[in-house]
Amino acid sequence: MSTASTNDKATLLTLKKRLTEPDRDLMAIVNSLSTINMDKQLLKETMIGKALNKAANAGETTPRAKKAAKDLMGVWKKKIDYKPSSSGHHHSRPKSASGESTTPNSSKVENTKPVATADASTTDGSCTSSSGNTDLTSVMEVARCGDPKRDKIRNLLFKALRPRRNPEEAEPAVRAVEIEEECHSKLSEREYLSQIRSIKYNLTDSSNPDFQWKVLVGVFPRDKYSLLTSEDMASEAKNQHRASAAKAALEECQSDWAMRHGAIQKSGMFQCGKCKKSQTTADGPVILDRWVKENEGSFAPPFCNRVMHRDDLVIMFVSGPNMRNDFHLDESPEFFWQMRGNMELPIIERGQRKLVKINEGEVFLLPPRIPHAPQRPDQGSLGLVIERQRIEGQDYDGLRWYTDFTKCDKVLWERYFYCGNLEKDVIPVVKEYQDSDEFANKTPSARSVPASVPFKEDTTTTVPRDLIFAVKHFVRPFPLDEWLKAHSKELAIPGTKLNLFGDDYPTKEFIIYILGAGSSTAVYEEVTGESVAFIYVIHGSLEIMYDKSARVGVTGACMMLPGQTTTNIKRSEDCIALLLKSRRR
């Protein structure tokens with residue numbers, strides 16, 4: 001190696017080290033790299049291309065620096081005569097020095113050894129191209145493992161990879177075996193097949209030739225093949241499109257989006273998909289944490305709650321401290337997700353007072369018509385509560401007071417009413433109770449309970465206390481994050497949808513699903529019932545399509561899906577989302 005080449009190599013190794021530093025100046029490094037006379041040997045010995053590509057794709061890299069790095073890598077590719085295949089397949093054989101194709105049956109082939117393809121019967125794994133260049137155009141036989149199914153997959157991967165074209169690239173046959181072995185050893189059968197399909201699809205995608213190059217030059221460490229996501233495998237253009245879609249979704253979630261785009265939407269509130277009014281519901285995704293911060297001033301006593309959505313479903317957040325001595329009865333199930341702090345929920349189960357404790361991070365589904373008295377003693381606590389919207393003339397709520405709140409053996413006073421608005425409709429009932437003789441005397445009377453009631457209390461259902469999953473014994477409520485960990489393998493399988501509370505849960509009016517991973521191409525269909533549905537993105541992202549338009553939900557976003565609608569949902573490969581579907585009795 002010449003002195004100039006030695007100096008260039010030392011400089012490249014220094015710049016390569018700088019690329020790994022968290023406070024690197026990528027633009028300055030790219031400018032320094034552009035002054036070096038790059039050749040194949042330097043690229044192979046320093047692997048600077050792999051390091052630069054990784055730095056360019058880092059999340060903190062600016063668009064300007066990323067473009068400069070990609071442009072420089074493009075110059076290097078031209079220097080090493082890098083030519084992406086148009087189809088991702090290597091149907092044609094390498095050409096000889098005379099320019100003629102060197103297929104095994106060609107009459108032009110003279111004094112050469114036959115090419116050993118993936119289907120060849122050679123046993124030593126070696127081969128030579130018609131030009132005699134074993135470094136750049138050789139095609140080895142794919143090593144077999146003895147399992148016909150796995151051997152077939154290895155050959156499919158081999159055929160999806162083009163022949164190597166420069167010294168820094170690996171043999172396609174070797175790389176195909178590495179991919180298959182890594183995925184087979186790390187993944188379940190279904191996950192293995194799904195990951196292989198994704199990798200093969202991207203290798204043969206004519207619009208994404210860079211993925212083949214990245215695989216062959218070793219951009220991805222071997223132990224990452226089983227973990228490659230759609231973003232890892234996608235082309236730069238596809239990733240830019242996804243980034244733009246995510247940016248647009250985040251912009252829509254900003255509280256001032258409507259005003260900046262000329263809409264008449266009240267800050268922090270949704271727009272109803274039916275009446276198009278802005279007082280109650282949301283048409284697009286809303287970032288939950290941001291909405292809560294914007295509405296913290298609304299969590300004031302005595303109710304300490306703020307309604308996010310009111311149309312078929314009531315989506316509200318309740319804060320603390322908030323203590324009450326009455327029991328609430330209604331015909332709707334109620335879903336509790338305690339996001340911050342703890343709460344207690346005394347219930348009357350089969351005539352007996354029971355205490356349900358819902359700690360931070362836990363979820364609980366209360367069947368309908370069971371008296372309950374939510375207690376939130378913690379300052380700053382916050383919980384999501386979902387129940388069904390009341391229909392006037394059809395749905396009623398009840399408030400009940402006992403002579404002794406801790407025993408609940410004698411009813412002191414009870415009334416039923418239509419509750420269309422919590423503050424407007426509840427306060428008169430509470431005032432009527434406080435003005436009653438029963439309240440003054442603390443003694444029940446013949447007027448304590450109405451002679452006829454709009455619905456009967458459920459005195460037969462036992463709130464389930466069976467196993468939630470095999471990892472631990474959980475009495476409902478249970479921690480959602482631990483449930484997700486216990487089902488992580490199932491949720492990693494594209495298309496998975498699990499019933500959070502199980503198919504045998506006593507109420508079927510609310511069915512709560514956890515949606516798992518998707519794939520780069522699959523679209524899953526969801527049909528909502530008579531009522532709207534609520535979806536919250538716990539991790540990853542969703543693209544939701546209905547009414548000939550798409551809405552993107554990112555981590556932490558929630559939105560409503562209209563009732564009686566077929567919705568197409570495209571999930572990211574790392575997606576975890578909660579979907580609550582409801583139906584009338």
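**Exercise 1. A charged pair between two helices**

Is Arg 154 buried or exposed? Then describe its partner Glu 180 and say where the two residues sit.

*Solution.* The model used here is a predicted one.

Step 1. Buried means under 20% relative accessible area. Arg 154 has a relative accessible area of 2%, so this residue is buried.

Step 2. Apply the same test to Glu 180. Its relative accessibility is 0%, and therefore Glu 180 is buried.

Step 3. Look at the side chains. Those of Arg 154 and Glu 180 form a salt bridge, with 2.8 Å from N to O. The two residues are 26 apart, and the pair links distant parts of the chain: Arg 154 belongs to helix H6 (residues 148-160), Glu 180 to helix H7 (residues 172-186). Side chains of opposite charge can pair when their charged atoms come close.

Step 4. Widen the view. Arg 154 and Glu 180 are part of a network of salt bridges that also links Arg 150, Glu 181, Glu 182, Lys 186 and Arg 222. Over the whole structure, a search finds 30 salt bridges.

**Exercise 2. Two further salt bridges**

Find what separates Arg 175 from Glu 178 along helix H7, and decide which label, buried or exposed, fits Arg 390 and Asp 397.

*Solution.* Step 1. Arg 175 and Glu 178 join their side chains in a salt bridge of 2.7 Å, N to O.

Step 2. Because these residues are three places apart in helix H7, about one helical turn separates them. Both Arg 175 and Glu 178 are buried.

Step 3. Arg 390 and Asp 397 also meet through their side chains, in a salt bridge of 2.6 Å from N to O. Arg 390 has 8% relative accessibility, so Arg 390 counts as buried. Asp 397, with a relative accessible area of 2%, is buried as well.

**Exercise 3. Reading a sheet**

Which strands stand at the edges of the sheet E1-E19-E16-E21-E14-E13, and why does each have a side without a neighbour?

*Solution.* Step 1. Write down the order. The open sheet has six strands, E1-E19-E16-E21-E14-E13, and their pairing is antiparallel.

Step 2. Go to the edges. Strand E1 (286-287) and strand E13 (497-499) each have a single partner strand, so one side of each has no neighbour in the sheet.

Step 3. Check one edge. E1 pairs with strand E19 (residues 557-561) through two bridges, in the antiparallel sense. Within this pairing, Ile 287 has Ala 557 of E19 as its bridge partner.

**Exercise 4. A hairpin**

How many bridges join strand E6 to strand E7?

*Solution.* Step 1. Strand E6 (residues 343-349) and strand E7 (residues 352-358) run antiparallel and are joined by seven bridges. One of the bridge partners to locate is Lys 357 in E7, which is matched with Glu 344.

Step 2. Inspect the turn. Two residues lie between the strands of this hairpin, and Arg 350 takes a positive phi near 55°.

**Exercise 5. The nonpolar cores**

Where does the largest nonpolar core lie with respect to domain 3 and domain 4?

*Solution.* Step 1. This core has 51 residues; those touching the most other members are Leu 313, Phe 335, Ile 386, Leu 500, Phe 501, Ile 514 and Phe 534. Strand E3 (residues 313-319) gives the most to the core, namely six residues.

Step 2. Domain 3 (286-441) and domain 4 (478-582) both contribute residues, so the core lies between them.

Step 3. Take Phe 501 as an example. Beyond residues up to four places away in sequence, Phe 501 touches residues including Phe 335, Val 363, Phe 364 and Ile 512.

Step 4. Another core, of 26 residues, lies apart from this one; among its members are Leu 157, Ala 173, Val 177 and Ile 199.

**Exercise 6. Two loop residues**

Which label, buried or partly exposed, fits Ile 493 and which fits Gly 380?

*Solution.* Step 1. Ile 493 is placed in the loop between helix H17 (488-491) and E13. The relative accessible area of Ile 493 is 12%, so this residue is buried. Leaving out neighbours within four places in sequence, Ile 493 is in contact with Arg 190, Glu 191 and Ala 517.

Step 2. Gly 380 is placed in the loop between strand E8 (362-366) and strand E9 (382-388). With a relative accessible area of 29%, Gly 380 is partly exposed. Its contacts, again without neighbours within four places, are Ser 319, Gly 320 and Arg 340.

Terms used
Residues numbered from 1 in each chain as written. Predicted model: local features only at pLDDT ≥ 70, side-chain atom pairs only at ≥ 80, totals over all residues. Heavy atoms only, no water. Salt bridge = Lys/Arg side-chain N within 4 Å of Asp/Glu carboxyl O. Helix = DSSP H or I, 4+ residues; strand = E, 2+ residues; numbered from the N terminus. Buried < 20%, exposed > 50% of the residue type's maximum accessible area, 1.4 Å probe, protein only. Pairing = 2+ DSSP bridges. Contact = heavy atoms within 4.5 Å. Core = buried A, V, L, I, M, F, W, Y, C linked by side-chain atoms within 4.5 Å. Domains from an automatic or database assignment.
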